[in-house]
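Reader: Could you take me through one part of this model closely, namely its nonpolar cores, and then place that part in its surroundings? I would enjoy one connected answer.

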Amino acid sequence: MAFREKIAWLTLATMLIAYGAYFAVIGPAADFGQGRMVDIIWSFGLVAAAQAVAMIVGAVVLAVLARREAQAPADERDRSIARRGASIGYYVLICGMILVGVVMPFSSPPWKIVNAALAVIVVAEAVHQATILLSYRRGWHG
Amino acid sequence: MADRRLSNTVRTLRFHSGEMTQAELGERIGVTRQTVAAIEQGKYSPTLETAFRIADVFGVALEEVFQWQSSGAS
């Protein structure tokens, strides 16, 4: 498995665990900041920080285990797959942000809009990483 | 448009070049071992530049490395 594919697995796994915990457990427990908007910063911020720490630790472990591959620059296939992932993730982000920024302000309270925006960012990044994984697994003829 | 796909003989050419490893070929053409494996398995179509580099490593013409075939052809 390519080093960058391992990184994509790590990113997707840590994201699903961390943000799954926020949207399924921590967010509902704190009413998603319904009472106090600052609760969103504390709950989502801590989850995002925990995910970042897990990513850094995981990436360091992977780099130590495959030192030579980790030091090698991305080749044409890596770059092509990364472009594809970013492109598809971008469309998800744009569609989600249109919904959150243009439609929701007419019908939803601020705390819902903020959480929906965070969810859109998480989903777009998950689609980005999933596209990268699929491209490595199933092939890419870009 | 006819259903066609790119096939290649990279694996055979490696075998006939003193069983050159995928890593060795990758190093010579500037890609990773995994990318060479993906090319051999038909999971990745390399850029024209890399295709020429592969042909150059084996000292053969490009069409001896890559063929544009009907999907039913072997």
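Author: Happily; what follows starts with the cores and then moves outward to the loops, the chain contacts and chain A as a whole.

A word on the source: this is a predicted model, in which local features need pLDDT of at least 70 and side-chain atom pairs count only at pLDDT 80 or more, while totals for chains, interfaces and linings use all residues. Residues are numbered from 1 along each chain as its sequence is written, and chains are lettered from A and ligands numbered from 1 in the order in which they are written.

A nonpolar core here is a set of buried Ala, Val, Leu, Ile, Met, Phe, Trp, Tyr and Cys residues joined through C-beta atoms within 7 Å. Buried means 20 or more other C-beta atoms within 10 Å of a residue's own, exposed means 12 or fewer, and partly exposed is in between, with C-beta atoms placed from the backbone.

The largest such core has 11 residues, among them B:Val10, B:Leu25, B:Tyr44, B:Val65 and B:Phe66. Two helices of chain B, α2 (22-29) and α3 (33-40), each supply at least two of its residues, and α3(B) gives the most, with three. Helices are DSSP runs of H or I with at least four residues, strands are runs of E with at least two, and both are numbered from the N terminus.

Within this core, B:Val65 touches residues including B:Asn8, B:Val10, B:Ile54 and B:Phe58, leaving aside those up to four places away in sequence. Touching, or contact, means that the two C-beta atoms, placed from the backbone, lie within 7 Å. A second, separate core has 10 residues, including A:Met15, A:Tyr19, A:Ile40 and A:Leu118.

Now for two loops. Most residues other than glycine have a negative phi. A:Asp31, in the loop between α1 (3-29) and α2 (38-65) of chain A, has a positive phi of about 55°; this residue is partly exposed because it has 13 C-beta neighbours inside 10 Å. B:Glu19 also has a positive phi, near 50°, and sits in the loop between α1 (10-15) and α2 of chain B. With 8 other C-beta atoms within 10 Å, B:Glu19 is exposed.

Between the chains, eight residues of chain A are in contact with 11 residues of chain B. Chain A itself has five helices and zero strands, and buried residues make up 25% of its 142 residues. Its C-alpha atoms fill a box of roughly 50 × 30 × 20 Å along the principal axes.
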